[in-house]
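Here are my notes on the model you sent. Please read them with the structure open beside you.

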Amino acid sequence: MAPYESDDMTTAREADEPRAGRRRAARYVVPVTVMGVAAATIGLVPAIASSGDPDLPEITAAQLIEKIAKSDVERLSGTVKITTDLGLPDLGGLESGLMSGATGQGGDGGSSADPSAKLAELASGTHTLRIAADGPDRQKVSLLENAAEYSLIHNGKDVWGYDSGSNEVYHGTVDASGEDRERQTPATPKDFAEEALKSVDDTTSVTVDGTAQVAGRDAYKLVVKPRQSGSTVGAISIAVDHETGMPLKFTLTPSSGGAAVVDVGFTQVSFGKPAASTFDFTPPKGAKVTEDGELDQGREHSGKHSGKPENAPKSEEDLAKGLDGLKTLGEGWNSVAVFGTGDQGVLPTGGETGGDLDGFIGSLGDQVKGDFGTGTVFSTRLVNALITEDGKVYVGMVTKDALVKAADAGK
């Protein structure tokens with residue numbers, strides 16, 4: 001997420017570097033643990049909250065950011081509604097097929113309880129989550145579906161995923177040292193706000209825009225806007241609980257207008273200690289239990305024996321190698337990440353699994369040319385990606401024109 005900066009304020013930037021070598025299970029530790037936002041040292045020029053309902057004391061943007069940073073809520077329970085609308089094309093059955101292949105479902109070692117697939121569902125549509133947290137070692141999030149429920153539970157060293165529809169169970173563990181317990185999948189307003197407020201500089205305007213009531217609680221509204229042109233981000237609004245400093249609602253609207261790209265907020269919340277039994281889990285009778293290591297072995301086996309042609313889509317490991325050379329062009333909201341895939345032909349070009357797939361995927365993007373050469377831009381309402389014919393990838397929350405300019409400048 002791009003940095004958030006304050007109007008007429010001098011700020012200091014704090015960056016969080018992700019730890020390498022996490023165990024795979026640690027990526028699915030329930031993202032409800034409340035952690036402090038990196039504090040920003042901000043000047044004293046105020047952006048005073050306007051009058052509104054509820055009537056709360058005046059506060060500056062600097063004070064409100066500090067209030068979020070100092071929030072120490074570790075125990076809570078409640079209901080979260082999350083809506084994401086990236087404007088992705090309707091791929092019909094192809095989308096689920098690609099997801100199944102990417103996560104190992106439907107093949108050797110696959111499991112419908114695998115968190116990597118279930119949590120990915122939050123990337124589109126509207127979902128209701130029930131969440132609970134009791135410190136850094138016990139969290140639970142349940143994804144409520146039409147006729148079933150998926151629960152992800154972190155209790156001590158154990159991580160359990162349970163899909164009631166298929167009666168399948170995933171089990172993994174996290175490092176007891178706690179060094180790899182950083183959550184990877186945001187699911188609450190606190191998660192999104194934390195990512196958004198990691199760093200601040202003079203490319204962003206931050207103001208307090210009145211008050212609101214969220215989930216029955218009084219809150220201030222912190223509004224963040226890019227000062228730069230060319231960003232796909234229009235504004236971000238964060239409702240901050242007046243009493244605890246915890247973000248209760250996060251809304252990101254695009255510069256192109258229309259509905260929010262991301263809207264996540266509590267509809268009900270309590271800061272009492274959840275019952276210990278909330279985090280207890282025993283696989284139901286007859287349930288298929290898949291250990292984390294089995295999923296990894298299944299993916300490895302599937303990759304070696306799937307008969308994929310040489311020009312098939314890159315595996316997660318292959319793409320990770322390309323990310324080793326990742327660099328950033330530009331600054332602030334106009335930052336563009338660029339990396340090489342190591343060869344030409346990132347997209348499939350027919351073959352046993354392709355057929356007309358190359359043409360179909362190509363039709364989803366726009367062909368562009370520039371000093372960098374030729375390539376295809378794949379667009380959403382928030383993130384755009386340019387894939388060039390020579391195997392480079394440019395990605396950013398910038399418009400198509402800004403992306404092409406960045407690729408030209410980086411040539």
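Which residue in E18 stands opposite Val338?

1. The residue is Tyr394. Keep in mind that this is a predicted model. Strand E14, residues 336-340, and strand E18, residues 392-396, run antiparallel and are joined by four bridges.

2. These two strands belong to an open sheet of six strands, in the order E13-E14-E18-E17-E16-E15, with antiparallel pairing. E13 (327-329) and E15 are the edge strands; each has a single partner strand, so one side of each is left without a neighbour in the sheet. From one strand to the next, the twist averages 30°. As background, strands of a sheet pair through backbone hydrogen bonds, in either a parallel or an antiparallel way.

3. Next, the salt bridges. The whole structure holds 14 of them. In one of these, the side chains of Arg217 and Asp241 meet at 2.9 Å, N to O. Arg217 is in strand E8 (residues 217-226) and Asp241 is in strand E9 (residues 233-241), so this pair ties together parts that are 24 residues apart in sequence. Arg217 has a relative accessibility of 19% and counts as buried, because the cut-off for buried is under 20%. Asp241, at 1%, is also counted as buried.

4. Another salt bridge brings together the side chains of Asp263 and Lys249, again with an N to O distance of 2.9 Å. This pair links distant parts of the chain, with Asp263 in strand E11 (residues 262-270) and Lys249 in strand E10 (residues 247-254), 14 residues apart. Asp263 is partly exposed at 24% relative accessibility. Lys249 is partly exposed as well, with a relative accessible area of 29%.

5. A further salt bridge joins the side chains of Asp366 and Lys400 at 3.6 Å, N to O. Here a strand meets a helix: Asp366 lies in E15 (residues 366-370) and Lys400 in H8 (residues 400-409), so the pair ties together parts 34 residues apart in sequence. Asp366 counts as partly exposed, at 36% relative accessibility, and Lys400 counts as partly exposed at 30%. Elsewhere, Arg75, Asp134, Arg138 and Lys273 are joined into one network by salt bridges that share partners.

6. Is Asp114 buried or exposed? Its relative accessibility is 0%, so Asp114 counts as buried. Asp114 sits in the loop between helix H2 (93-103) and helix H3 (115-118). The side chain of Asp114 makes a polar contact, at 2.9 Å, with the side chain of Ser116.

7. Last, the aromatic rings. How many aromatic pairs does a search of the whole structure find? The search finds two. One is the tilted pair of Trp160 and Phe281, 5.3 Å centre to centre with 45° between the planes. Trp160 is in strand E5 (residues 158-163), while Phe281 is in the loop between E11 and strand E12 (288-291), so the pair ties together parts that are 121 residues apart in sequence. Both Trp160 and Phe281 are buried.

8. Tyr162 and Phe281 also pair: their ring centres are 5.8 Å apart and their planes lie at 45°, so this pair is tilted. Tyr162 is in strand E5 and Phe281 in the loop between E11 and E12, 119 residues apart. Both Tyr162 and Phe281 are buried. Ring pairs thus link Trp160, Tyr162 and Phe281 into a cluster.

Conventions:
Residues are numbered from 1 along each chain as its sequence is written. This is a predicted model: local features need pLDDT of at least 70, side-chain atom pairs count only at pLDDT 80 or more; totals for chains, interfaces and linings use all residues. Side-chain values use heavy atoms; hydrogens and water are left out. A salt bridge is a side-chain nitrogen of Lys or Arg within 4 Å of a carboxyl oxygen of Asp or Glu. Buried means under 20% relative accessible area, exposed over 50%, partly exposed in between (1.4 Å probe, protein chains only). A polar contact is a pair of N or O atoms within 3.5 Å; within protein, one must be able to donate a hydrogen and the other to accept it, and residues adjacent in sequence count only if both atoms are side-chain atoms. Two strands pair if DSSP finds at least two bridges between them. Axes are lines fitted to C-alpha atoms, for helices over the stretch in contact, and angles run from 0 to 180 degrees between N-to-C directions. Rings of Phe, Tyr and Trp (its six-membered ring) pair if their centres lie within 6.5 Å; planes under 30 degrees apart count as stacked, over 60 as edge-to-face and the rest as tilted.
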